[in-house]
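Here's a friendly walk through a protein model for anyone meeting it now. Have a look at the picture, then read on.

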Amino acid sequence: MPTEKEQEGRWVAFEHPLPAQMMAIDGTWRRACILKDVSDVGARLRVETSIEGLTLNEFFLLLSSTGLAYRRCQLDRVNGEELEVSFLRQKAKAKRSSDRD
């Protein structure tokens, strides 16, 4: 089984990039984007509309039209119309007392 460090280096590039949406955490804005490639820790997106003025320190990447598949992201780098984002993970929940017994 590959280590976590090895998995971080694995990127899956899509032959036909997938349509997706970027959405603010509070739902105040939404932008269409194209998912170019993805890994366990992040993704590369292409946007065709301006992202100027948007708060991109934390947002959702919606992967389905119904919004049921999504990842919480933060912006790492902008290179023209291409964005590199990293996925934010939830902190591990404290074990329940019943799990410890």
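Before we start, one term: a strand here is a DSSP run of E with at least two residues, numbered from the N terminus. With that in hand, strand β5, covering residues 70–79, turns out to give the most to the lining of the largest pocket, namely three residues. Keep in mind that this is a predicted model.

So how far does the confidence go? The average pLDDT of the chain is 84, and 80% of the residues score at least 70. Residues 94–98 are another story, with a pLDDT below 50 and one contact in the model beyond near neighbours in sequence. Where pLDDT is low, it's best not to read the predicted coordinates in detail.

**The barrel**

Which order do the strands follow around the barrel? Going round, it's β1-β2-β3-β6-β5-β4, six strands that close up with antiparallel pairing. On average, neighbouring strands of this sheet are turned by 45° against each other, if you ignore direction. As a bit of background, strands of a sheet pair through backbone hydrogen bonds, and they can do that in a parallel or an antiparallel way.

Here are some of the pairings, side by side:

| Strand pair | Sense | Bridges |
|---|---|---|
| β1 (residues 12–24) and β4 (residues 59–62) | antiparallel | four bridges |
| β1 and β2 (residues 30–38) | antiparallel | eight bridges |
| β2 and β3 (residues 42–46) | antiparallel | four bridges |

Now for a few individual residues. On the β4 side of β1, Met 22 has Leu 61 as its bridge partner. Turning to β2, you'll find Ile 34 opposite Pro 19, and Ile 34 also stands opposite Arg 46 in β3.

The links between these strands are worth a look too. The hairpin of β1 and β2 has five residues between the strands, and Gly 27 in this hairpin takes a positive phi near 80°. From β2 to β3 the chain goes through a hairpin of three residues.

**The pocket**

Back to where we began. What is the volume of the largest pocket? It comes to about 160 Å³. Its lining is made up of Phe 60, Tyr 70, Arg 71, Arg 72, Leu 88, Arg 89 and Gln 90. Sorted by character, the lining has three nonpolar residues, one polar and three charged.

Definitions and conventions
Residues are numbered from 1 along each chain as its sequence is written. This is a predicted model: local features need pLDDT of at least 70, side-chain atom pairs count only at pLDDT 80 or more; totals for chains, interfaces and linings use all residues. Side-chain values use heavy atoms; hydrogens and water are left out. pLDDT is the predictor's confidence in each residue, from 0 to 100. Contact means heavy atoms within 4.5 Å. On a 1 Å grid over the protein atoms alone, a cavity is a set of points where a 1.4 Å probe fits but cannot get out, and a pocket is an open set with protein on both sides within 12 Å along at least five of seven lines; lining residues have an atom within 4 Å of a point. Grid points are joined across faces, edges and corners, and a volume is the space filled by probe spheres set on the points. Ala, Val, Leu, Ile, Met, Phe, Trp, Tyr, Cys and Pro count as nonpolar, Asp, Glu, Lys and Arg as charged, and the others, Gly among them, as polar. Two strands pair if DSSP finds at least two bridges between them. Axes are lines fitted to C-alpha atoms, for helices over the stretch in contact, and angles run from 0 to 180 degrees between N-to-C directions.
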